[in-house]
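Good morning, everyone. Please look at the structure on the screen while I talk.

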Amino acid sequence: MVQLHVKRGDESQFLFNTTTDAPVEAVIQQVTDIYNGRLKVDRICSEIPELADHGVTLPPNMQGLTEEQIVELKLKDDWEEKCIPSGGAVFRKDEIGRRNGHAPNDKMKEVLIRTVEEAKALISKKQVQANVCVTMEMVKEALDQLRGAVMIVYPMGLPPHDPIRLELEDQEDLSGTQASLQVITGEEGQLWWAGKEMQRGKKLKDYIGRNEKTKLVVKIQKKGQGAPAREPVVTDEQQKQMMLHYYRRQEELKKLEEADDDSYLDSEWSNRQALKRQFQGLTDIKWGPR
């Protein structure tokens with residue numbers, strides 16, 4: 001299998017297995033599906049701790065309002081009584097006024113937080129160092145874990161306007177958000193390798209040959225953003241190792257230079273003629289008056 005190390009910019013994303021006969025267009029679609037799926041998991045994982053701390057989101061027309069304003073405008077959250085967490089709610093006020101403050105108890109909160117950690121680990125960027133390829137099945141498994149945890153804590157479901165429910169039902173609206181800039185659809189996605197764009201309509205073997213054991217770094221990019229920066233000749237880690245080796249070599253040379261001291265040659269014991277002179281009685285001769 002050909003192994004693609006997918007990057008976005010200089011940041012590693014995941015490893016992906018394919019074949020040399022795979023059409024570039026199909027590879028782009030599969031890679032963007034996994035890439036966007038990981039983004040979805042990250043978005044849900046960022047919302048669940050808020051759910052665990054402050055309960056479900058308020059209706060959009062009540063978010064950000066103070067209690068006095070809600071009373072004055074005679075607004076009511078119809079979902080407050082319907083969306084009660086298992087084991088009862090614990091009131092924890094949301095200071096920014098986005099959630100209703102009726103949070104799950106500590107036991108249910110632990111279920112949510114633990115599941116978030118497990119889902120993150122499943123599609124983590126650390127899988128690259130572990131040489132584990134991320135598949136769409138793994139992304140779906142992470143989503144199913146998150147969905148299951150939410151159902152355990154909120155068996156009656158979440159309000160239709162809650163971002164977690166919208167994400168899990170693929171109804172999220174990311175327009176105008178920073179998250180929308182990260183998403184890359186299959187139609188606008190591009191793969192770059194060795195400074196060249198892999199063109200749709202071709203196959204991987206047109207670029208890398210027929211060796212199925214090939215490993216290469218590819219960069220995912222949006223159409224129209226131009227060519228991404230090329231990979232450095234040496235990685236940061238390799239550069240650190242080279243600098244460390246150079247430093248150690250310099251220290252070794254310093255020690256050798258310090259040890260290369262020939263002043264001992266002036267010592268009596270180093271005189272090659274000392275033994276001969278001793279036999280001839282020429283040692284300890286002193287010149288001058290007694």
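I will go through the sheet, then one residue in it, then a few side chains and loops.

A word of caution to start. This is a predicted model.

Let's begin with the sheet. It is open and has five strands. Their order is S2-S1-S7-S5-S6, and the pairing is mixed. Now, which strands stand at the edges? They are S2 and strand S6, residues 196-197. Each has a single partner strand, so one side of each is left without a neighbour in the sheet.

Next, look at how S1 and S2 fit together. Strand S1 covers residues 2-8. It runs antiparallel to S2, and seven bridges join the two. Take one residue as an example. Leu4 has Phe16 in S2 as its bridge partner.

Then there is helix H1, residues 24-54. Which strands does helix H1 lie across? The answer is S1, S2, strand S5 (189-193) and strand S7 (215-222). Against S2, the helix runs at about 135°.

Now let's zoom in on Phe14. You will find Phe14 in strand S2, which spans residues 11-18. Is Phe14 buried or exposed? Its relative accessible area is 1%. The cut-off for buried is under 20%, so Phe14 counts as buried.

What does Phe14 touch, leaving out residues up to four places away in sequence? Its contacts include Leu4, His5 and Val6. Val31, Ile34, Tyr35 and Arg38 are also among them. So are Val128 and Val134. Remember Leu4: we met it as the bridge partner of Phe16. Here is another link across the sequence. Phe14 and Lys126 are 112 residues apart along the chain. Yet their C-alpha atoms are separated by 8.3 Å.

On to aromatic rings. How many aromatic pairs does the model have? The count comes to zero. There is a charge over a ring, though. Lys82 lies over the face of Trp79, at 4.7 Å from the ring centre.

Last, two loop residues. Lys74 sits between helix H2 (67-72) and strand S3 (89-91). Its phi is near 55°, a positive value in a residue other than glycine. Lys74 has a relative accessible area of 75%, so it is exposed.

Asp170 is in the loop between helix H5 (163-168) and helix H6 (178-182). Asp170 is not a glycine, but its phi is positive, about 55°. With a relative accessible area of 55%, Asp170 is exposed.

That's my tour. Thank you.

Definitions and conventions
Residues numbered from 1 in each chain as written. Predicted model: local features only at pLDDT ≥ 70, side-chain atom pairs only at ≥ 80, totals over all residues. Heavy atoms only, no water. Helix = DSSP H or I, 4+ residues; strand = E, 2+ residues; numbered from the N terminus. Buried < 20%, exposed > 50% of the residue type's maximum accessible area, 1.4 Å probe, protein only. Contact = heavy atoms within 4.5 Å. Phe/Tyr/Trp six-rings, centres within 6.5 Å; stacked < 30°, edge-to-face > 60°. Lys NZ or Arg CZ within 6 Å of the ring centre and 35° of its normal. Pairing = 2+ DSSP bridges. Axes fitted to C-alpha atoms, helices over the stretch in contact; angles between N-to-C directions.
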